[in-house]
Amino acid sequence: MLGRTANGLYWMFRYIERAENIARLIDAGLRMALTRSGSSDEDWDGVLQSAGVREDFDTVHHKLTSADAIDYLLRDHSNPSSVMSCIEAARNNARMVRTALTRETWEATNECWIELKLALSKRVKPADMPEVIGTIKRCTALIRGAFHGTMLRDDIYNFSRIGTFIERADNTARILDVKYYVLLPAIAKVGSSLDNMQWESILRSVSAHRSYSWVYDGDYSSTNISDFLILNDRMPRSLAYSYDKLVSNLGYLAKLYGDNHAAHETASATLMLLRSRSIEDIMEQGLHEFIEEFIVHNNRLGEEISDGYRFYR
Amino acid sequence: MMNADSNPRQPYENYHDWYEAQDRARLIAKSREAENLFRKTGITFAVYGHADSSEKLIPFDIIPRIISGREWRKLAQGIEQRVIALNAFLDDIYHKQEIIKAGRVPRELIERNVAFLPQMIGFKPPGGVYTHIVGTDIVRTGEDQFYVLEDNARTPSGVSYMLENRETMMQMFPELFHLNKVRPVEDYPKTLRQSLASLAPPGCSGKPRIAVLTPGIFNSAYYEHSFLADMMGVELVEGSDLRVVDGKVKMRTTRGYEAIDVLYRRVDDDFLDPLTFRPDSALGIPGIMDVYKAGNITIANAPGTGICDDKAIYSYMPEIVEFYTGRKAILENVPTWRCSEENSLKYVLEHLEELVVKEVHGSGGYGMLVGPTASKKECAAFAEKLKARPSNYIAQPTLSLSTVPILVNKGIAPRHVDLRPYVLVSDKVQIIPGGLTRVALKEGSLVVNSSQGGGTKDTWVLED
């Protein structure tokens, strides 16, 4: 397979994952605005931060308003992480690697782009938001379905999955990074309605507010929420789950090509770390530091994969 | 579809009966269905210089253009003769130059032509084939009267539309293919692959590895490049994937560099090798020409074939065909005035409103003047351009092109068409029975180029 093709698949799936995650963040933000009496535009500050675009937002807008924040996240072309930019980039990558995709996967991606281009052609009215968010989720789910249902389980598949999980781990880690102070037991006034709201918002932004209740008997606690998002290997957006998958996808490539790279070591070491530590341990040593270090390692893994498999050179 | 007595022409008889029994509203709905199918599949092209630079659909008309087996045989013979002559001509001008010595084609027209590549002089491409893929543009002016408009020996595009149009028709109207014996076109990718593999370079040992070279996703024909690579089951590469390593052209894979033996390139000569041609080209592969000349890669079509697409060379095609095949050309050439010649220029300037004037190196319907439909002002402006650079232009009479029916809201209406059959050259010449029919959708228009609002149709060659 061409190195450029592996690169295209990797980024195609990173962008699809990112588009979905941004939609989820907006969803959580909207929910927060609905449930909180006297909600303010500042709620969107945290959403922009979780999306990693807080500073860039200021270069385009003077003042933070919810309407501008939503528009920036959804459809601003100057924001490379807006849903529309992501879908556009995912489709361009899909076009580039067209010969590596099944017809179904390509068509689902192309139709997603066609549909969202129409839905996001102008500013979305608040009343239309639920429908638009629903469309984004449905379109990206269709790509995923076509992909899982039709693709050969070969190197093409594994590079695509690697893109998905690197992006997912990054997104979950970012949400934790921005909200870590909400999860600190020392500061949190346990059980206050403000905490409950914040925590629920975190869980919603990874689509996990329902599954959390099943796993932890419905009790909100900062330790459990951190455990769920970082260490729980049944939670499909947790760091541990993402790394479990990354190690197995990279393992497949090592077996197929008969060759190990730095990336294999980095991924395994991170997975070991996630498996060997308890959440109490992590919180005690500093949640914030742990997450920051994780993000650095995750970025490095991305670079090692790109070098090892000759994405660019 | 109809003859002078208002009866359906013979090849259209079955179709005509079927059409008469159809509900028009259903057909129009089918048209829309076809459009959605194309959009969904992403069968699009980019129009350069368009404000909304995004992708466009080529309109598809659901009424097939039908050619009888008898008509096709004559056409095919004529095309084969012409393609054989083109290859002989290329071999000659890059070697002995007998046609120049015989005084049939002027020396300066060849040697001072920008499409003539001195780097090809004395070099024989693998298998002696220059034009592996040709798409001859043909128009019809009467029963059994066919003219060649252009030879397209460089990089003819549109074959993906031939294939997708047929696919769409078979999906939408399967019953029509029971009523008519239509010769299949779907073997094209397989035949292309075999044809390319059979021309592997001397330096290739084992099974030849083939790749399609594209300028990338922003090229107007990118869809076709990816489609062909996919259908042939070969890699689709860009210049940045390739590098010359140990005297071979190799592509960067996830496991390291792997050699390519045959490159079907959809990149122009100018951009192929920055060391030999345009130094600013980011689309090519530095050093590929050295590998080529050392016999370690086949480039299809060969560099330097573009000279056949020069419209001044075109005007000599009757002489060229006769010179190399020893027979008169079966297909007609459109009479052509070379504006570089003083008398011709004078005639052209005096008759501008009757003529079609084209740039000698133009393509895609850009930069041309269609006299009969142009305004006085446009003619005057064009006359100035002509006078400034006469040798850059040729002129041709407007032919009374045949029409075929298309589906419009009120039923069917006649429109002008051309036909581009696709020819594959290896140790034999293979002509795919069918081709791309382009249709001028505007009433009365003679310009069929998709970049100028033309559409396409499925083209049937019947078995008879």
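**Chain contact and a sheet in chain B**

Mentor: In this model, 19 residues of chain B are in contact with 19 residues of chain A, contact being C-beta atoms, placed from the backbone, within 7 Å. The model is predicted, so local features need pLDDT of at least 70 and side-chain atom pairs count only at pLDDT 80 or more, while totals for chains, interfaces and linings use all residues. Residues are numbered from 1 along each chain as its sequence is written, with chains lettered from A and ligands numbered from 1 in the order in which they are written.

Trainee: Which elements give two or more residues to the side of chain B that touches chain A?

Mentor: Helix H2 (24–41), helix H9 (222–232), E8 and strand E10 (248–253) of chain B. Helices (H or I, at least four residues) and strands (E, at least two) are DSSP runs, numbered from the N terminus.

Trainee: What is the order of the open sheet of 4 strands in chain B?

Mentor: E8-E7-E12-E13, with parallel pairing; two strands pair if DSSP finds at least two bridges between them.

Trainee: Which strands stand at the edges?

Mentor: E8 (235–237) and E13 (298–300) of chain B; each has a single partner strand, so one side of each lacks a neighbour in the sheet.

Trainee: How many bridges join E7 to E8 in chain B?

Mentor: 3, with E7 covering residues 210–213. B:Val212 has B:Leu236 as its bridge partner in E8(B).

Trainee: Switching to chain A: how many helices and strands?

Mentor: 15 helices and 0 strands. The C-alpha trace of chain A spans about 55 × 50 × 35 Å along its principal axes.

Note on methods. Contact = placed C-beta atoms within 7 Å.
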